[in-house]
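The exercises below are meant to be worked through with the sequence and the model side by side. Each one sets a task and is followed by a solution that goes step by step.

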Amino acid sequence: AAGRHTNQEHNGGLTSRMPILTLRMAPKKKAKISEEAKNVEKDEAEDKEVDDDHEDESSSEEEEDEEDLDGSSDDDSDEEILVDFEFMDPKETDFLGLKALLGNYLDGALFNSSELCDAIIAQNTVGTVLKAQGAGDEVDPIAVMSVMNLQRRKEMKWMQETIEYLKKNCPKDLKDQFEALLGEEGVGLIINERVINVPQETAQPLVNLLFDEISNATEDEPTEELRESFKFKKYILLTRTFLEEDAEPAGVGGGKRKRDAATEMVYPRPEDQFFHKVSKMSFQWKSRELGENDDVDSIKPMRVCMVVDANSVPQVRKQVKEMFTG
């Protein structure tokens with residue numbers, strides 16, 4: 001894939017050996033998100049939880065193997081573990097894993113997720129899936145980051161459904177501006193999904209790979225049409241955040257759509273806070289109700305749409321780097 005080639009040659013061509021991020025992680029380590037927010041996202045995840053109903057001594061050996069991605073387990077061991085994360089090109093074998101990962105992309109609304117997964121896999125020169133601990137092709141991805149050109153994909157059902165979903169949730173005073181943007185050339189929709197316990201440190205390589213590959217694709221794609229399709233001027237991001245119960249959602253009920261109380265906003269994916277900060281337009285709305293989750297009453301799940309100029313991306317990349325390297 002563009003941006004990830006090594007100097008190794010295979011069958012007369014370059015192989016794409018993915019970079020590997022090795023993290024030293026303690027079982028007790030927590031991501032920078034409140035426990036209430038974690039519980040909300042866990043309720044949204046599909047088929048990502050392991051049910052432990054037996055706590056007697058005879059099952060202790062099995063419980064030791066049932067660790068979360070962040071290394072946590074049911075015992076009290078503080079021993080650190082090393083976890084390798086591989087950043088790979090999307091492949092056909094990732095289809096079912098991507099479908100599970102993207103099933104809630106539109107907050108529970110039905111859409112043609114299979115078509116989206118096919119598009120991500122077909123566009124493997126730009127886009128990355130993340131896998132854990134040298135799992136290889138046979139194991140489902142735990143994260144995906146890609147981008148799709150709105151005009152190039154406008155006839156696809158999943159894109160039409162995504163656009164309608166965004167337009168439905170756009171406030172009236174931004175609707176004309178947002179709909180005009182949807183008709184412009186050079187607009188990319190960034191697809192960015194992860195399971196809840198993926199370490200935040202993976203954000204920097206995911207972001208870097210995406211934008212490095214976009215840059216390379218403008219020169220390396222085989223046709224002029226494809227090269228032009230990656231010359232983005234603006235990006236649209238659909239993501240999720242969490243808002244404190246007593247905080248007034250910025251951008252809801254009129255007025256400017258800016259973050260008046262950023263300290264009350266929780267971003268599960270760390271790069272989103274920097275995209276949000278530089279966004280030229282953003283709006284948010286309450287996520288679907290989560291039913292009987294009395295333990296998360298203090299925090300509200302939100303969905304956010306933001307529009308970011310391509311010339312602001314270097315600033316975002318710099319801030320993400322500084323977040324993890326100081």
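**Exercise 1. Confidence**

How many contacts beyond four places in sequence does the model have for residues 252-263, and under what value does the pLDDT stay there?

Solution. Begin with the whole chain: this is a predicted model, and its pLDDT averages 78, with 66% of the residues scoring at least 70. Then turn to residues 252-263, where the pLDDT stays under 50 and the model has 20 contacts beyond four places in sequence. Finally, look at residues 291-295, where the pLDDT is also below 50 and the model shows 3 contacts beyond near neighbours in sequence.

**Exercise 2. The overall fold**

Count the helices and strands, and find what share of the protein is buried.

Solution. The secondary structure comes to 10 helices and 11 strands. Of the 326 residues in the protein, 49% are buried. As for how the chain comes together, residues 24 or more positions apart account for 76% of the contacts with a separation of 6 or more.

**Exercise 3. The nonpolar core**

Find the residues with the most contacts inside the largest nonpolar core, and follow one of them outward.

Solution. The largest nonpolar core has 69 residues, and those with the most contacts inside it are Trp158, Phe178, Phe211, Tyr235 and Ile236. Helix α7 (residues 203-220) gives the largest share of this core, 7 residues. Now follow Tyr235: leaving aside neighbours within four places in sequence, its contacts include Val147, Gly188, Phe211, Ile214, Met306 and Val313. In soluble globular proteins, nonpolar side chains tend to be buried together.

**Exercise 4. Two helices and a buried face**

Describe how α9 and α10 meet, and then what the buried residues of α4 pack against.

Solution. The axes of α9 (residues 271-278) and α10 (residues 313-325) come within 9 Å and cross at roughly 145°, and the crossing is right-handed. Among the residues that meet there are Phe274, Phe275 and Val278 in α9, and Val316, Val320 and Met323 in α10. In helix α4 (residues 113-122), the buried residues are Ser113, Leu116, Cys117, Ala119, Ile120 and Ile121; the buried residues of α4 pack against α3, β6, α5 and β7.

**Exercise 5. A single serine**

Is Ser282 buried or exposed?

Solution. First place the residue: Ser282 lies in strand β10 (residues 281-286). Ser282 counts as buried because its relative accessibility is 4%, and the cut-off for buried is under 20%. Last, look at its partner: the side chain of Ser282 makes a polar contact with the side chain of His276, at 3.4 Å.

Terms used
Residues numbered from 1 in each chain as written. Predicted model: local features only at pLDDT ≥ 70, side-chain atom pairs only at ≥ 80, totals over all residues. Heavy atoms only, no water. pLDDT = per-residue confidence, 0-100. Contact = heavy atoms within 4.5 Å. Helix = DSSP H or I, 4+ residues; strand = E, 2+ residues; numbered from the N terminus. Buried < 20%, exposed > 50% of the residue type's maximum accessible area, 1.4 Å probe, protein only. Polar contact = N/O pair within 3.5 Å; in protein donor to acceptor, adjacent residues only side chain to side chain. Core = buried A, V, L, I, M, F, W, Y, C linked by side-chain atoms within 4.5 Å. Axes fitted to C-alpha atoms, helices over the stretch in contact; angles between N-to-C directions. Left-handed = near helix turned anticlockwise from the far one by under 90°.
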